[in-house]
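This briefing introduces selected features of a protein model to a first-year student. Please consult the sequence and the structure while reading the points that follow.

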Amino acid sequence: MNRKIVEQIQKICDDTKKNMNINDIVIRDDVFLLLQESDCTVLYYPLPNEAISGNEGCAGCHIEKLVNGRPRQFVFINTSNTRERQAFSVAHELGHILCIDQRIYDIFPECRDSVSEEDIVNRFAAELLMPEQEFKTVLKERLKAIDYDGKKIMVSQLVEISAYMMNYFFVPFKSVIRRYQEIGR
């Protein structure tokens, strides 16, 4: 994703936290409160057969329906997923409610054909839960703690650091791995 788009998404995340009186850099499971404070109805439900990591299954969804002649927002979160996966789904669906994709398309109309709504909203969720600078700082600290020389890392060390990052940011493993890729690690 274009760096200017990412920077705009980061700005939107910062503004969102400020508008919702969130002062913590890392919001962890407070994301559930952010969603509930939004103008939507949140429904939590278990769908065990849909609790699949990645792009398969149903982790959550957002719909808008007319209720008594007025549009209402609804978010569904699959509680059969891990709590960390639910947190990412909540952040993602919050991105839909806040129309993050439309805000990006309004600023960068030329990206409408090359960057999907889902990519924008996923990046919003990642930036909201794992702010890029904080992620880099924490990763640097963890690498320093194991005397990483910049060349090789043992698989066990990578797993340990990744587990730490998952816990610190309250996100699924796949989100941490993807974030490594996004920051060029």
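**Cysteines, helix packing and selected residues**

Cys-61 is partly exposed, with a relative accessible area of 28%. The model is a predicted one. The points below treat its cysteines, a pair of helices, a buried glutamate and two residues with positive phi.

**Cysteines and disulfides**

- A disulfide is a covalent bond between the sulfur atoms of two cysteines.
- The structure contains zero disulfides.
- Cys-61 takes part in no disulfide, and the nearest cysteine sulfur, which belongs to Cys-58, lies 5.1 Å away.
- A disulfide requires the two sulfur atoms to be within 2.5 Å.
- For Cys-99, the closest cysteine sulfur is that of Cys-40, at 12 Å, and this is too far for a bond.
- Cys-99 has a relative accessibility of 39% and therefore counts as partly exposed.

**Packing of helices H1 and H4**

- Two packed helices are described by the angle between their axes and the distance between the axes.
- Helix H1 covers residues 3-19 and helix H4 covers residues 100-107; their axes come within 11 Å and cross at roughly 130 degrees.
- This angle makes H1 oblique to H4.
- The crossing of H1 and H4 is right-handed.
- On the H1 side, the contact is made by Ile-5, Gln-8, Ile-9 and Ile-12, and on the H4 side by Ile-100, Arg-103, Ile-104 and Ile-107.
- Of the residues in this contact between H1 and H4, six are nonpolar, one is polar and one is charged.

**A buried glutamate in helix H6**

- Glu-132 belongs to helix H6, which spans residues 132-145.
- Is Glu-132 buried or exposed? Its relative accessibility is 6%, so Glu-132 counts as buried.
- Leaving aside residues up to four places away in sequence, Glu-132 touches Arg-3, Val-6, Gln-10, Arg-123, Glu-127, Arg-179 and Ile-183.

**Residues with positive phi**

- Asn-68 has a phi near 55 degrees, a positive value in a residue other than glycine.
- Asn-68 is located in the loop between strand E2 (60-67) and strand E3 (70-78).
- With a relative accessible area of 77%, Asn-68 is exposed.
- Cys-99 also is a residue other than glycine with a positive phi, near 55 degrees.
- Where is Cys-99 placed? Cys-99 sits in the loop between helix H3 (83-97) and H4.

How values were computed:
Residues are numbered from 1 along each chain as its sequence is written. This is a predicted model: local features need pLDDT of at least 70, side-chain atom pairs count only at pLDDT 80 or more; totals for chains, interfaces and linings use all residues. Side-chain values use heavy atoms; hydrogens and water are left out. Axes are lines fitted to C-alpha atoms, for helices over the stretch in contact, and angles run from 0 to 180 degrees between N-to-C directions. Helices (H or I, at least four residues) and strands (E, at least two) are DSSP runs, numbered from the N terminus. Angles under 35 degrees count as roughly parallel, over 145 as roughly antiparallel, 65 to 115 as roughly perpendicular and the rest as oblique. A crossing is left-handed if the near helix is turned anticlockwise from the far one by less than a right angle, and right-handed if clockwise. Contact means heavy atoms within 4.5 Å. Ala, Val, Leu, Ile, Met, Phe, Trp, Tyr, Cys and Pro count as nonpolar, Asp, Glu, Lys and Arg as charged, and the others, Gly among them, as polar. Buried means under 20% relative accessible area, exposed over 50%, partly exposed in between (1.4 Å probe, protein chains only).
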